[in-house]
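Thanks for coming. I will take a few minutes to walk through one structure, and you can follow along on the screen.

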Amino acid sequence: RFSSVLFASQKAEVAGSQSLSLMMKPSSVKPAKEVAQVYSNLAAYPVPQSAQLLPQYPFSDAIRTRCVYQVQDLASQKNRTLVKTAVVLPTGDLVDSDPVLRDPTTLWDVYCSGGDHRAVLLKLKAEGSGSDNADKFVVHVYNESRFIKSIDLSEKAKHGAVYGPELGACQWSCNEGHLLYVAEKKQPKNASYFAADAFSEESAGKPGEAKSVGKQYDSVEHFGEQLSEYKRPVLCTLDVDSEVVTVLDDGIPDGVLPTEPCWAPDDAGVVFVGYKELPYQLGVIYCNQRPSAIYYLDFRSGECAVIGHDTRAVSSPRFSPCQTQLVWLQNEPSGPHKQCRRLIWCDWATKDIRFIIDFVNQAGSAGFPGIYADSLPSRCWSSNCRTVVLSSINRSKDCLLAIDVKTKIGELLPLPPDASSAKVLDFHRDWLVVEASAPNVPPFIAAGFIDASKPLTSNIKWTCLTDCFKLNDIAWRVKQHTAKLAHPEFGNQLFESILVWPVGSSKKKDSKKGDEEKPAAITELPLPLIAFPHGGPNTSFTATYMRYVCGLARCGYAVLVINYRGSLGFGKSTVDSLLGGIGERDVSDCIQAVEETLAESASSADNSALPRLDGEKLAAFGGSHGGFLGGHLIGQRPGMFKAAVLRNPVINLATMVGGSDIPDWVYEQSGLPFSHDRLLDAETLALLWSKSPLSHASKVNTPTLVAVGLKDLRVPPQQGRELYRALRARNVPTRLLVCPDDCHPMSSVPVQSSVFVDIVLWFNRHVMGVTEEA
């Protein structure tokens with residue numbers, strides 16, 4: 001049951017665009033230098049990484065928050081992480097510190113619940129390139145006023161590398177004397193068969209250190225794309241006073257890989273997420289359906305028991321402040337890689353387990369679509385231990401969702417001004433800190449108080465902790481579509497797209513919150529349109545700030561980001577409806593979204609809703625599964641798109657299945673069951689080929705730019721190379737960008753910045769017919 005007030009009207013909206021009919025002044029296509037400047041201007045906006053509510057000052061009601069954000073330093077081609085403290089006074093006024101550079105070696109920075117102690121865990125890069133040169137991990141401990149001690153975990157020689165936030169945790173115990181964290185299990189020292197002391201019983205290196213001869217080249221299973229350093233996790237505790245490290249491996253069943261730990265009440269044990277060890281591991285990042293369970297390791301009995309079901313996929317165990325309740329997220333352990341999730345509640349004393357929020361199959365155009373969240377915030381409970389707050393995708397928006405665990409009623413919380421989407425960063429003592437943005441508002445951090453004595457739907461008084469800017473030369477709109485290609489079981493489902501385009505403005509392009517905008521005169525210049533479906537396919541483009549989209553708009557292009565069927569936030573059936581239909585239903589939705597947008601633009605006589613678009617100047621752009629769709633669009637509709645850019649695209653399912661860390665994705669999305677022992681046969685190969693973009697390569701006449709990261713374990717780089725070779729052999733203008741140090745997201749500063757310029761120049765040449773020199 002959900003509040004009908006907030007979920008009743010979820011219509012397509014016009015936001016941040018009161019002057020939607022305005023068009024950009026006619027100008028020449030930007031050359032490389034100006035395109036680079038567009039990117040530089042947008043890269044200067046900080047991107048929040050985290051925010052944490054700090055312990056309060058003694059005898060003060062002021063709220064302290066540590067804000068961590070990142071900016072791209074294009075001169076050095078590196079990301080810089082900045083930290084500042086923002087204090088909200090009881091009057092509502094804000095006092096903040098100057099930002100300072102964060103130590104780049106910081107892995108964890110955590111306070112104990114009472115605020116008396118703080119631990120900073122540093123990852124110090126090893127010097128040299130030898131196999132024995134491992135990173136060092138050092139803990140710095142502070143109290144309220146001074147540095148106390150430094151503890152070198154590496155010298156303890158109890159474990160390997162400490163895990164970061166992807167699978168790990170770092171948490172003070174309730175008695176504030178111990179730290180709990182995840183690290184790599186200590187492995188025997190490798191030695192060559194031909195080492196001088198290879199077979200000597202007295203040569204194991206350090207005393208008590210095991211040695212493994214002839215194993216240095218053995219493959220070890222790991223957690224896949226972007227997590228290949230994580231192989232065999234173990235839970236560890238550090239006694240801060242005695243500096244003793246304890247590895248908690250006794251009692252945990254064989255074949256269970258422990259991650260995401262938290263202290264149980266009274267430090268009586270540890271609750272954690274245990275992944276099932278499989279014949280070979282599958283990639284975990286972007287995949288919340290990996291078989292796993294909630295485990296409780298009881299220190300008193302030494303037993304390790306499953307809490308709830310052991311045949312599900314789970315994440316984010318979170319205890320209430322009163323330590324009597326536990327919640328977590330759960331879904332099925334197969335199928336789409338991201339999907340609708342349940343919120344599970346457990347009474348810790350009785351171990352009674354209930355569904356608080358169940359799956360939602362059909363949401364329609366206005367109803368609550370269910371929970372779509374990768375994880376719960378590390379602190380998500382209200383002070384009265386009754387409400388859980390989390391971020392969830394609701395159609396084409398990131399929403400703030402408050403759920404009463406007693407009544408099982410959820411409500412959407414109001415967002416900060418100028419924001420169309422927001423994500424929870426921290427929730428403590430009923431203060432909520434969020435990252436907020438809109439397609440024309442770069443992300444900022446805001447804090448607001450939730451009064452538990454009042455209805456949650458009442459307005460939250462938000463205070464911006466970082467600067468809020470608005471890009472006055474960019475407008476946007478969410479559009480709803482009803483799929484023309486019906487699903488045999490689920491019918492004609494709803495999906496959405498977000499159109500972003502450049503507009504004129506009488507003042508500077510970027511303004512701080514509160515500035516009044518005066519519209520510029522309307523012009524009649526029609527805009528080229530870029531179709532931009534997301535990857536996944538089980539994710540969504542939400543109404544948030546996207547640097548590439550804003551950059552393309554500032555270079556004179558309208559961009560249509562498309563949430564085709566299979567996207568999150570529209571109901572479980574929408575996610576499931578794409579299984580077996582890739583290359584058909586998703587392609588149909590993308591073409592329909594483009595055609596309906598062009599038709600609406602042409603029929604809007606006064607240009608009050610959409611800009612004028614040039615249907616003869618279309619381009620396709622996408623990465624991963626979005627690249628898969630881009631490949632299909634230019635193959636199934638030859639001549640429709642004047643240019644395409646595909647980043648790490650899925651091109652040939654038949655060859656991807658053996659080289660990806662997610663072979664199950666190929667089978668499941670193609671409508672086939674997956675098992676670890678399944679072998680390809682001729683029938684399966686034929687089906688995979690028929691669904692692949694490469695099967696249409698002989699029809700492609702669209703100039704195509706392909707970019708791949710050589711360290712991509714998700715979509716092997718040879719996928720893009722296959723398309724490049726096929727088009728080049730057919731004399732289709734083609735360019736291949738190879739990024740040697742990047743993985744699937746291709747998110748390094750050098751690659752992000754340089755490839756953006758390449759993309760715009762490619763579109764300028766092949767969509768607008770203007771070379772860089774012009």
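I will go through the domains, two sheets, a hairpin and then some charged side chains. Please keep in mind that this is a predicted model.

Start with the division of the chain. Domain 1 covers 190-221, and domain 2 is made up of 474-505 + 520-737. Between the C-alpha centres of domain 1 and domain 2 there are 50 Å.

Now the sheets. One open sheet has 4 strands in the order E7-E8-E9-E10, and the pairing is antiparallel. Strand E7, at 106-111, and strand E10, at 147-152, have a single partner strand each, so one side of each is left without a neighbour in the sheet. On average, neighbouring strands here are turned by 15° against each other, direction ignored. Between E7 and strand E8, residues 118-124, there are 5 bridges in the antiparallel sense. To find that pairing on the screen, look for Trp108, whose bridge partner in E8 is Leu121.

Another open sheet of 4 strands runs E28-E29-E30-E31, again with antiparallel pairing. At its edges stand strand E28 (421-428) and strand E31 (462-464); each has a single partner strand, so one side of each lacks a neighbour in the sheet. The twist from one strand to the next averages 30°. E28 is joined to strand E29, residues 431-438, by 7 bridges, and the two run antiparallel. Here the pair to look for is Asp426 with Val433, its bridge partner in E29.

Next, a hairpin. Strand E16 (residues 233-239) pairs with strand E17 (residues 244-247) through 4 bridges, in the antiparallel sense. Thr237 sits opposite Thr246 in E17. There are 4 residues between the strands of this hairpin, and Glu243 takes a positive phi near 65°.

What does the side chain of Glu243 meet in a salt bridge? The partner is Lys149, at 3.4 Å from N to O. This pair links distant parts of the chain, since Glu243 is in the loop between E16 and E17 while Lys149 is in strand E10, 94 residues apart. So the hairpin loop is linked to a strand we have already met, E10. Glu243 counts as partly exposed at 24% relative accessibility, while Lys149 is buried at 19%.

In total, the structure holds 27 salt bridges. Another one is Lys84 with Asp96, where the closest N and O atoms are 2.8 Å apart. Lys84 belongs to strand E4 (residues 78-88) and Asp96 to strand E5 (residues 94-96), 12 residues apart. Lys84 is buried, at 9% relative accessible area, and Asp96 is partly exposed, at 40%.

A third example is Arg735 with Asp758, at 3.3 Å between the closest N and O atoms. It links strand E41 (residues 734-739), which holds Arg735, to helix H12 (residues 749-766), which holds Asp758, and the two residues are 23 residues apart. Arg735 is partly exposed at 36%, and Asp758 is buried at 14%. There is also a network: Lys123, Lys125, Asp135 and Glu229 are joined by salt bridges that share partners.

Last, a charged residue without such a partner. Glu496 lies in strand E34, residues 494-502. Is Glu496 buried or exposed? Glu496 is buried yet has no salt bridge, and the nearest side chain of opposite charge, Arg395, is 5.0 Å away. The cut-off for a salt bridge is 4 Å, so Arg395 does not qualify. The side chain of Glu496 does make a polar contact, at 3.4 Å, with the side chain of Gln480.

Definitions and conventions
Residues are numbered from 1 along each chain as its sequence is written. This is a predicted model: local features need pLDDT of at least 70, side-chain atom pairs count only at pLDDT 80 or more; totals for chains, interfaces and linings use all residues. Side-chain values use heavy atoms; hydrogens and water are left out. Two strands pair if DSSP finds at least two bridges between them. Axes are lines fitted to C-alpha atoms, for helices over the stretch in contact, and angles run from 0 to 180 degrees between N-to-C directions. Domain bounds come from an automatic or database domain assignment. Buried means under 20% relative accessible area, exposed over 50%, partly exposed in between (1.4 Å probe, protein chains only). Lys and Arg count as positive and Asp and Glu as negative; His and the chain ends are not counted. A polar contact is a pair of N or O atoms within 3.5 Å; within protein, one must be able to donate a hydrogen and the other to accept it, and residues adjacent in sequence count only if both atoms are side-chain atoms.
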